[in-house]
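Reader: I should like to learn how packed helices and pockets are read from a model. Please take me through the steps.

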Amino acid sequence: MTLIGMLHYRKKPHQVKKAFACASIAKMHDVEFVYFSYRAVDFALKKINGWVFHEGKWVERTVDFPDSIINISAPKTDYQSNIRKALKRNIPFISHSIGNKMSVYRKIEEGHLFSHFLIPTINVTAFDEVLSFLNKFTRLVIKPHSGSKGRSIHFITLIEEDKIRCVTGLDVTIFSIEEFKAFIQKLTAEQKYLLQPFIECKTKSGLNYDFRLHVQKNESGKWTVNLIYPRVSGNGRLTSNISSGGYRGELIPFLMEEFGDDYYNIKQLLEYFAVAFTTHFESLYENRSFDELGIDVAIDQNQRLWIYEVNWRPGSKNREFSVAKNLIPYARYVAESKRKKRKRRLQ
């Protein structure tokens, strides 16, 4: 029987909702499932001192190395990184990094097929470039290369020749040119940022929103749409991230409200784009496959679609079972594919 492992930095699975969801779905698919942390790995004996869900509760159990590993969290220490690397040499991991925002942008740009959906983007380096970009577009977004959940995003507007408004969360600051220069220098001293023109995507009531396209691999290793939903800003924010005060809407009622008779065409556009883009995007990475992606897109006033960003560990809060329904069958597919390759090499 196939054994699927879930590697996590937490020692116990009791507070990890996705672990319970995966353990439940594994039983439905007649697959064994073990949860384990980095210090639960015994390389000498090739054993895992982990946790299994048995008769309604988590119990500790020592099992063999799993056939594939669901790696849902990144290592937090050098020790954890070393354990991860050692495991990965022998056991297939199902999740792989796509890189930061700028490297993803360049991948899509070089891939050409979907490059016309990209928002023009540059690195924030010299202040003169930032000022030139601002004079060209008048409204900009500055975001970190490796940010998440809408953190450290700044919305910049040229309101007068020498006055610049900056909105960060709920905070609004008016800068002079010199003050803005000092602000940019302080930002770039802390981490790398990129710069984009602001694409307006608003509801009829004036709230900013975007669409999250959540796609996953299925039991055959093919991309499928898990869920598409609008994320609408709340509390006067310009970001629509749920973790930053936004909320998740239902797709069909939202589309009917915002697009009227065109709602079905927009729905088809989003569904087709989700699978077609993801299939192409994965092909841009040599010898690397992904298990799930979250693509954030906007549709402007001309019904043109724009790619905001691509996420390789999209949030699944309150949707753990929906995600696990694809996650476990795909993890089994990865394990079986590895087993078949090993068998062919031995023949």
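**Helix packing and a pocket**

Author: Helix α6 (residues 251–259) and helix α7 (residues 263–283) pack with their axes 8 Å apart, at an angle of about 130°. The model is a predicted one, in which local features need pLDDT of at least 70 and side-chain atom pairs count only at pLDDT 80 or more, while totals for chains, interfaces and linings use all residues. Residues are numbered from 1 along each chain as its sequence is written, and side-chain values use heavy atoms, with hydrogens and water left out.

Reader: How are two packed helices described in general, and which word describes α6 and α7?

Author: Two packed helices are described by the angle between their axes and the distance between the axes. Axes are lines fitted to C-alpha atoms, for helices over the stretch in contact, and angles run from 0 to 180 degrees between N-to-C directions. Angles under 35 degrees count as roughly parallel, over 145 as roughly antiparallel, 65 to 115 as roughly perpendicular and the rest as oblique. Helices α6 and α7 are therefore oblique to each other. Their contact (heavy atoms within 4.5 Å) involves L251, I252, L255, M256 and F259 of α6, together with Y263, I266, K267 and L270 of α7. By class, this contact of α6 with α7 has eight nonpolar residues, no polar and one charged. Here Ala, Val, Leu, Ile, Met, Phe, Trp, Tyr, Cys and Pro count as nonpolar, Asp, Glu, Lys and Arg as charged, and the others, Gly among them, as polar.

Reader: At what angle do the axes of α1 and α8 cross?

Author: The axes of helix α1 (residues 17–28) and α8 cross at roughly 50° and come within 8 Å. Helices α1 and α8 are therefore oblique to each other. Among the contact residues are F20 and I25 of α1 and F321 and L327 of α8. The contact of α1 with α8 has ten nonpolar, one polar and four charged residues.

Reader: How is empty space found, and how many residues line the second largest pocket?

Author: Rolling a probe the size of a water molecule over the atoms shows where empty space is left. On a 1 Å grid over the protein atoms alone, a pocket is an open set of points where a 1.4 Å probe fits, with protein on both sides within 12 Å along at least five of seven lines; lining residues have an atom within 4 Å of a point. The second largest pocket has 14 lining residues, and P92, S289, V334, S337 and K341 lie nearest its centre. Helix α8 (residues 320–346) supplies the largest share of this lining, six residues. The lining of the second largest pocket comprises six nonpolar, four polar and four charged residues.

Conventions: Helices (H or I, at least four residues) and strands (E, at least two) are DSSP runs, numbered from the N terminus.
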